[in-house]
Amino acid sequence: MKSAVITFPGSNCDRDMHVALSKFGFKNKMVWHNDNELPKSDLVVLPGGFSYGDYLRCGSMASKSKIMQSVINFAKSGGLVMGICNGFQILVESGLVPGILLRNKYLEFICKNVFVKIDNKDNPYFKNLDKEVFELHVAHNEGNYFCTNDQLKEIEDNNQIAIYYCNDNGKTEEKFNPNGSLNNIAGIFNKEKNVLGMMPHPERMIDESLSGEDGSIFFKNLLNNIK
Amino acid sequence: MKVSAIITLKKDVLDPQGKVIQQTLDGMGFKDVNEVRQGKYFEIDVKENDPKKAQKIVEDMCNKLLANLVIENYKIIEIQ
C-alpha cells in the first residue's frame with residue numbers, strides 16, 4: 001500500500017509519520033508542499049507541526065499551498081486523506097472537513113497523553129478495530145474544535161464525529177477534555193468518511209518501550225482495511 | 001489605494017485571549033470593563049485607483065483567506 005506525507009514549511013511530525021507508516025508496511029513518499037502532483041497513493045497524510053509559523057490562523061496558509069489542490073481533488077474522488085494536529089487545522093481551513101480549531105480554552109499549550117473514544121467504526125479508518133478507547137498523545141495550542149450550530153447538527157446527523165476525549169474507561173465528560181472543544185470532539189470526518197482530521201498523534205504511540213502501542217494498533221488496522 | 005479591514009470574532013465565539021486581557025486590565029485597576037474582544041487589522045495597498053474596485057478586491061481576500069467566516073466577520077473600515 002502506498003502513502004504520501006506532505007511536508008509544509010514548519011511541519012515537524014512529517015518524518016515521525018513517515019517512520020510510523022513505513023514500520024507498518026506502507027510504501028511512503030514524502031511530498032513537498034510546492035509540488036503540483038501527488039504520487040499515486042492509497043493514503044495521503046497532512047502531518048503535525050507549525051506550518052507557516054501558524055501565521056494568520058493555524059493551517060490557513062498551508063491550505064492554499066500548491067499541493068493542496070491535488071489533495072482536495074484526491075479527497076473529492078474518494079481518496080483517504082488524514083490530517084493530524086496541524087494537518088487537522090489545514091483540513092478545516094481547506095474546507096475538507098467542517099468547523100475550525102480555536103485557541104485552547106485555558107490558553108495553555110497542551111502536551112500530554114489523553115484518552116479518546118472511537119464513536120463510529122463504519123469507516124475505512126476504524127473498521128474492524130476491537131477496542132474503543134485509545135491512549136494517544138496530544139501537543140497543541142489550537143485544538144479547541146468549534147463549529148456553528150447548523151454544522152454541529154449536520155455532523156451529528158451524519159455520524160461525522162470520529163473521536164471524543166474521554167477517561168481511561170471511555171467516559172466522555174468535560175473534565176477529560178484538555179482544550180475546551182465543542183462536545184469533547186477530538187476528531188471528525190467529512191461526510192463521506194474518507195477524510196479524517198484529529199488532534200491526537202497516533203504516530204507517537206508506535207513503540208512499546210518509548211510510549212504505548214495504541215498507535216500501532218491504529219496503523220496496523222488501517223493498513224489491513226486499505227489492502 | 002489603501003484599504004483597511006478589521007476582522008472580529010463573531011458574537012457567539014469564545015475569545016479566551018480577550019478574557020485574559022480583561023482580567024489583566026482588571027488587575028491593573030481598570031474595573032469598569034464589561035468585555036474585551038480581540039481582533040485583527042489589515043492595511044492593504046492594492047494596485048487599483050477605483051475605490052469601489054479596490055474594496056471589492058479586499059473583500060474577496062477577506063472571504064477567501066483573511067477571515068474564516070465560520071468564526072469571524074470582516075468590515076472594510078477605510079479606503080484612501
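This report walks through a predicted model of two chains, A and B.

## Chain A at a glance

Let's start with chain A, which has 227 residues, 51% of them counted as buried. Its secondary structure adds up to five helices and 11 strands. The radius of gyration comes out at 16 Å, close to the 17 Å that the globule rule gives for 227 residues, so chain A is as compact as a globular protein of that length.

If you lay the C-alpha trace of chain A along its principal axes, it spans about 45 × 35 × 35 Å. Contacts in this chain often reach a long way along the sequence: of those with a separation of 6 or more, 75% are between residues 24 or more positions apart.

## The sheet in chain A

Nine strands of chain A come together in an open sheet, and you can follow them across in the order E2-E1-E3-E4-E11-E10-E9-E6-E7. The pairing in this sheet is mixed. At the edges sit E2 and E7 (residues 133-140) of chain A, each of which pairs on one side only. Going from one strand to the next, the twist averages 25 degrees.

For a closer look at one pair, try E10 (residues 185-189) and E11 of chain A, which run antiparallel and are joined by three bridges. Here A:Phe189 stands opposite A:Leu196, a residue of E11(A). Helix H5 of chain A, made of residues 214-226, lies across E3 and E7 of chain A and runs at about 105 degrees to E7(A).

## A helix with two sides

Helix H2 of chain A covers residues 66-76, and its buried residues are A:Ile67, A:Met68, A:Val71 and A:Ala75. Why do these buried residues line one face of the helix? Looking down the axis of H2(A), they fall within an arc of 100 degrees, so they end up along one face. On the other side of H2(A), you'll find A:Lys66 and A:Asn73 exposed.

What do the buried residues of H2(A) pack against? Their partners in chain A are strands E1 (2-7), E2 (27-32), E3 (43-46), E4 (80-84) and E11 (195-198), along with helix H3 (86-94). Just after H2(A) comes A:Gly78, which takes a positive phi of about 100 degrees.

## A buried cysteine

Between E3 and H2 of chain A there is a loop, and A:Cys58 is found in it. Is A:Cys58 buried or exposed? It has 28 C-beta neighbours inside 10 Å, and 20 or more are needed to count as buried, so A:Cys58 is buried.

Leaving aside residues up to four places away in sequence, A:Cys58 touches A:Asn86, A:Gln89, A:Leu101 and A:Glu142. Take A:Gln89: it is 31 residues away from A:Cys58 along the chain, yet the C-alpha atoms of the two are separated by 6.1 Å.

## Chain B at a glance

Now for chain B, which has two helices and three strands. Reading from the N terminus on, its elements run β-α-β-α-β. Of its 80 residues, 12% are buried. The radius of gyration of chain B is 16 Å, whereas a compact globule of 80 residues would have one near 12 Å.

Measured out along the principal axes, the C-alpha atoms of chain B fill a box of roughly 45 × 25 × 15 Å. Among contacts in chain B between residues at least 6 apart in sequence, 68% join residues at least 24 apart.

## The sheet in chain B

The three strands of chain B form an open sheet in the order E2-E1-E3, with antiparallel pairing. Its edge strands are E2 (39-45) and E3 (72-79) of chain B, each pairing on one side only. The twist here averages 20 degrees from one strand to the next.

Strand E1 of chain B, residues 2-9, pairs with E3(B) in the antiparallel sense over seven bridges. Along this pair, B:Leu9 stands opposite B:Glu72 of E3(B). Helix H2 of chain B (residues 51-66) lies across E1, E2 and E3 of chain B, running at about 155 degrees to E3(B).

## Where the chains touch

The contact between the chains takes 12 residues from chain A and eight from chain B. On the chain B side, helix H1 (residues 16-27) gives the most, with three residues. Sorted by class, the side of chain B that touches chain A has six nonpolar residues, two polar ones and no charged ones.

Methods. Residues numbered from 1 in each chain as written. Chains lettered and ligands numbered in written order. Predicted model: local features only at pLDDT ≥ 70, side-chain atom pairs only at ≥ 80, totals over all residues. Helix = DSSP H or I, 4+ residues; strand = E, 2+ residues; numbered from the N terminus. Arc of directions from axis to C-beta. Contact = placed C-beta atoms within 7 Å. Nonpolar A, V, L, I, M, F, W, Y, C, P; charged D, E, K, R; others polar. Rg over C-alpha atoms; globule rule 2.2 N^0.38 Å. Pairing = 2+ DSSP bridges. Axes fitted to C-alpha atoms, helices over the stretch in contact; angles between N-to-C directions.
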